[in-house]
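Student: I am new to this structure and would like to learn how to read it step by step. Could you take me through it, giving the general idea before each case?

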Amino acid sequence: DNSFEQFIINYCNEKLQQIFIELTLKEEQEEYIREDIEWTHIEYFNNAIICDLIENVLYQVEGFVDKNNDLLYRDLSQAMWKAGHALIKSLFPEGNPAKINLKRPPTAGSQFKASVATLMKNLQTKNPNYIRCIKPNDKKAAHIFNEGLVCHQVRYLGLLENVRVRRAGYAFRQAYEPCLERYKMLCKQTWPHWKGPARAGVEVLFNELEIPVEEYSFGRSKIFIRNPRTLFKLEDLRKQRLEDLATLIQKIYRGWKCRTHFLLMRKSQIVIAAWYRRYAQQKRYQQIKSSTLVIQSYIRGWKARKILRELKHQKRCEEAATTIAAYWHGTQARRELSRLKAEARNKHAIAVIWAYWLGSKARRELKRLKEEARRKHAVAVIWAYWLGLKVRREYRKFFRANAGKKIYEFTLQRIVQKYFLEMKNKVPSLSPIDKNWPSRPYLFLDSTHKELKRIFHLWRLKKYLLEVEVIKFEHLHCKKYRDQFTDQQKLIYEEKLEASELFKDKKALYPSRYYGFALPITSTSRIFLLTNNNLLLADQKSGQIKSEVPLVDVTKVSMSSQNDGFFAVHLKEGSEAASKGDFLFSSDHLIEMATKLYRTTLSQTRQKLNIEISDEYAHE
């Protein structure tokens, strides 16, 4: 009962089988040979002759001509094309009047043949996949399997040859360039860019991944992979590597984003801090300026009133004060002399008289200096007033003629003077990164203001660089100098440093190193010996030990701030050494002796010895 429909169906199947053979058997074997891959040719059946003669099957030719005719008349196509609906118009393009052809319309077979040819041409440009259907029986019934029919279909469809080709061939192939581009991130030598030929890059990549040699072959332009598992492994490695690269990109992006955010925040903070410091400094300047004006007004008024009072009472108070002071000091000196004579037996009398005499001498000297300063100040004030009067008289006759010019020059001079005085108080800090500069007070000083700014910043930078160089030089020079010291020299300098901390700006004897004179008092000469634990006093002639004082019993060393060599060593009350009282010494080497005693006591008792420097005498 095979009719026209079965005829065209069989024709289509044979054409599809032909393209299947072309692409799966013939083309694949020819590709292996073309790529110089070792290959043993596998024979297969080519149905090209069947496509020419169609399969040897009996067809019922009754109605072939009627079925082959196109029953859609030209008038109907033109009528449907004229419809207003776009879909209907697109289904009948042959009804377009512009394409009217008076020839006989093509038959159904011709149309089907043209469609099959178009399908074949389209498949030739693609990489199709195939699903083969096997007909188990001719009865179209379930659970019936005709072995002969199935074997015939398998042999005729070329499935056995296809399986042999697939088993002997390679499951995957790809050109070197796309293969290297897809998998180059799996090897450090090919990532990110491979500079050599693509095939060499693929060889390096596969060797790095340690893929077995039997799993792939190199063609002229393609790489052939035998087992799909190898391809799956490459894809899994590529997927993992892409995830790692994505993680790396995310890390770098997040770092860049955080750094950008941080830099923006830091820049904003600097701007805010600069504005706030400017505002705080302006506010503080206004407060200081207001306070300064108030203080200046009070001080000027107080000075003026003081000068007025001094000038009024100076003449009569000078003689009265001198007379009263003379009588008072004479009376005080006589009383003190009488008291000292009564205490002549006291061994400290001479020291007390000397202290009072020094105080009296100092007070007289201080008074003399004050009187001299008052006279000089009064003379300066009177001289200033006289100079002012003289200048006014001298220039009064010239002032009226040149008043405008003089006033202008004077005003300009005062403005410039005020500008420089204000700039003195507004100069920024010496930090090289401080870019602040006071605003310009007057427009005509614009160029001067800019030049001062340039000179100041340039001077500050040079000063900073010079200080850095000086610090580096001093560090290297001092280190070289210190390395030359011996232990004895280091000890000497340590004692000098200790003496500086104890006596600098406190004892007048320290900076001058001049020990002056010794009071003509009756005393006993002793040798001062200092050991690690004791202070010894020995006879100068015989060398016999007269007194021995443990360092733990020494509580204090006292002396005056004057240029003398007296000092007292105070002992702990109740100790055996303190039974005869404290010791009073006079030496030309007071600084050295006191420093030695201080360092030795600190080393042995771990306590600092009290060094008292005072001009007030206190007897214990």
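Tutor: Helices (H or I, at least four residues) and strands (E, at least two) are DSSP runs, numbered from the N terminus. In this chain there are 17 helices and 10 strands. This is a predicted model, in which local features need pLDDT of at least 70, side-chain atom pairs count only at pLDDT 80 or more, and totals for chains, interfaces and linings use all residues. Residues are numbered from 1 along each chain as its sequence is written, and side-chain values use heavy atoms, with hydrogens and water left out.

Student: What share of the 620 residues counts as buried?

Tutor: Buried means under 20% relative accessible area, exposed over 50%, and partly exposed in between, with a 1.4 Å probe and protein chains only. Of the 620 residues of this chain, 24% count as buried.

Student: Which residues of helix 7 are buried, and which are exposed?

Tutor: In helix 7 (residues 147–156), the buried residues are L149, V150 and Q153. Because they cover an arc of only 95 degrees around the axis, they lie on the same side of helix 7; the arc is that of the directions from the helix axis to the C-beta atoms. E147 and R155, on the other side of helix 7, are exposed.

Student: How should I read a sheet, and what is the order of the strands in the one that contains strand 1?

Tutor: Two strands pair if DSSP finds at least two bridges between them. Here three strands form an open sheet in the order 1-3-2, and the pairing is antiparallel. Strand 1 and strand 2 (216–218) stand at the edges with a single partner strand each, so one side of each has no neighbour in the sheet. Strand 2 is joined to strand 3 (residues 222–225) by three bridges, the two running antiparallel, and S217 has F224 as its bridge partner in strand 3.

Student: Is Q174 in strand 1 buried or exposed, and what does Q174 contact?

Tutor: Q174 lies in strand 1 (residues 172–175) and is buried, with a relative accessible area of 18%. Contact means heavy atoms within 4.5 Å. Leaving aside neighbours within four places in sequence, Q174 is in contact with C179, Y183, S221, K222 and I223.

Student: How are strands 4, 5 and 6 arranged?

Tutor: They form an open sheet of three strands in the order 4-5-6, with antiparallel pairing. The edge strands are strand 4 (526–530) and strand 6 (545–550), each of which pairs on one side only. Strand 4 pairs with strand 5 (residues 534–539) over five bridges in the antiparallel sense, and F528 stands opposite L537 in strand 5. Five bridges also join strand 5 to strand 6, where A538 has I545 as its bridge partner. In the hairpin of strand 5 and strand 6, which has five residues between the strands, G543 takes a positive phi near 80 degrees.

Student: At roughly what angle do the axes of helix 15 and helix 17 cross?

Tutor: Axes are lines fitted to C-alpha atoms, for helices over the stretch in contact, and angles run from 0 to 180 degrees between N-to-C directions. The axes of helix 15 (residues 487–503) and helix 17 (residues 590–605) come within 10 Å and cross at roughly 100 degrees. Helix 15 is therefore roughly perpendicular to helix 17, given that angles under 35 degrees count as roughly parallel, over 145 as roughly antiparallel, 65 to 115 as roughly perpendicular and the rest as oblique. Among the residues that make the contact are L491 and F503 of helix 15 and I591 and Y598 of helix 17.
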